[in-house]
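The following exercises are to be worked with the sequence and the structure in view. Each task is followed by a solution in steps.

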Amino acid sequence: MRRFVPILAALLGLAVSCTGGSGGGRDTIPLVKAIAADSYSPEHILLSSFSKVPSSGDICIAGTPASCAQVSRDFTACDIFENARGREWSDDLKDFAGETFACICDSEFTPYERLVTDGDCTALRTLAVNYALAALSSECSVSRYDLDGNGEKAPAKIIILADPWLFCCGKSDIDTLFTLIGCKVPVISPQELMLDAALGGSKKYFNSGILCDSLYLHDGIYKELFSAGAAKHDIVGARCFIAATDPCGTPLASFLDAYIGQGGEEPLDAIMVDDWNVDIESLEAEVAAIRDFSREEHMRYGRLLSPGFAVFSSSRLTMSACYKLMRERNLFTHRIASPEVKGYTVWPLAEGDGRQFLLIPSENVQD
């Protein structure tokens, strides 16, 4: 179980050091510079081999065990599209049939915020880059004693960073490395998609809310990401109320009750949902009930939703983005099979080894 970590004064430095994934202009980390500069290094050779992305690869999900489980669960159940033409309606066929989701489940270096020291998140940025390298490798270790990597795995054709900390402190370094070497494997962040959808369109949402998992409520990450997103899209004066999902209540009503409890009176223009456990259809049904003048919900909450109120779901945006990307680039395996999930665990290596961890199939972790 991930533990709560009180927000520290050191995290205030994130505004400078950890917003590159959100459009900041920071310098990249030494690891990225070293790999890019040495064309004979194994990492450079590996990345340069992905000038074309193989459709046979896996969709890799990297993050905490909980976030990997949530994301892979929703992807394997996803039925947003009609698969023959790619139109957005359910056809009772899994959108990602035949695909394999490889989860890099890290319980050793998490919670990620503990890797941030005095505003310096170099350690976390380095870890994120190493996730990407491990995802693209065709090798893994058969056990924690296998330092040479004698196991085989499929390389990734898409990498999903499942944790907001990996977007804040790491995605820009991966993007920089891939761009410098010409690696074409897409790297996707649910939080980036959500913020861009809400803040980057022609319509600007100045008073927004973020509904997140309670595990992230007290570490300041969403406040940082929202501020960086507003700056990226040149929105001045944007405001955001952040609250955790109430497991005992209905998601929108609980959120609005919390908003009222904190003195919120101005109508909300949008709510961004970054909790994959929230049923988005149920939340949208709540919106419809609040808009219905004949319902009690309208009396209590109607004044809190602006006429153009919109819901932006990171889960739906991520699955839609991956599906459309795979259609555009012809990345589907076209195997007739149910979606499959494979798990890999991270085993830390001694400092000075040159690598941060071994990647071991989950079924082998007791070896």
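**Exercise 1. Classify Ser 141 as buried or exposed, then describe its surroundings.**

Solution. The model is a predicted one.
- Step 1: The relative accessibility of Ser 141 is 4%. Buried means under 20%, so Ser 141 counts as buried.
- Step 2: In the chain, Ser 141 belongs to the loop that connects strand S3 (139–140) with strand S4 (151–152).
- Step 3: Setting aside neighbours within four places in sequence, the contacts of Ser 141 are Asp 146, Gly 149, Leu 358, Leu 359, Ile 360 and Pro 361.

**Exercise 2. Determine how the axes of helices H8 and H13 are arranged, and which residues meet.**

Solution.
- Step 1: Two packed helices are described by the angle and the distance between their axes.
- Step 2: For H8 (residues 190–199) and H13 (residues 314–328), the axes come within 8 Å and cross at roughly 105 degrees.
- Step 3: Angles of 65 to 115 degrees count as roughly perpendicular, and therefore H8 is roughly perpendicular to H13.
- Step 4: From H8, the residues Pro 190, Leu 193, Met 194 and Ala 197 meet Ser 314, Leu 317, Thr 318 and Ala 321 of H13.
- Step 5: Sorted by class, this contact of H8 with H13 holds six nonpolar and two polar residues, with no charged residues.

**Exercise 3. Identify the buried residues of helix H10 and the elements that cover them.**

Solution.
- Step 1: Within H10 (residues 251–261), the buried residues are Pro 251, Leu 252, Ala 253, Ser 254, Phe 255, Leu 256 and Tyr 259.
- Step 2: Their cover includes strands S7 (207–212), S8 (239–244), S9 (268–274) and S10 (305–313), together with helices H11 (280–291) and H12 (296–301).
- Step 3: Just after H10, Gly 263 has a positive phi of about 90 degrees.

**Exercise 4. List the buried residues of helix H7 and state the phi of the glycine that follows H7.**

Solution.
- Step 1: In H7 (residues 171–181), Lys 171, Ser 172, Asp 173, Ile 174, Leu 177, Phe 178 and Ile 181 are buried.
- Step 2: Gly 182 follows H7, and its phi is positive, near 90 degrees.

**Exercise 5. Assess whether the radius of gyration of the protein chain agrees with that of a compact globule.**

Solution.
- Step 1: A compact globule of 367 residues would have a radius of gyration near 21 Å.
- Step 2: The protein chain has 21 Å, so the value agrees.
- Step 3: The C-alpha trace spans about 65 × 50 × 40 Å along its principal axes.
- Step 4: Of the 367 residues, 53% are buried.
- Step 5: Among contacts between residues at least 6 apart in sequence, 76% join residues at least 24 apart.

Note on methods:
Residues numbered from 1 in each chain as written. Predicted model: local features only at pLDDT ≥ 70, side-chain atom pairs only at ≥ 80, totals over all residues. Heavy atoms only, no water. Axes fitted to C-alpha atoms, helices over the stretch in contact; angles between N-to-C directions. Helix = DSSP H or I, 4+ residues; strand = E, 2+ residues; numbered from the N terminus. Parallel < 35°, antiparallel > 145°, perpendicular 65-115°, else oblique. Contact = heavy atoms within 4.5 Å. Nonpolar A, V, L, I, M, F, W, Y, C, P; charged D, E, K, R; others polar. Buried < 20%, exposed > 50% of the residue type's maximum accessible area, 1.4 Å probe, protein only. Rg over C-alpha atoms; globule rule 2.2 N^0.38 Å.
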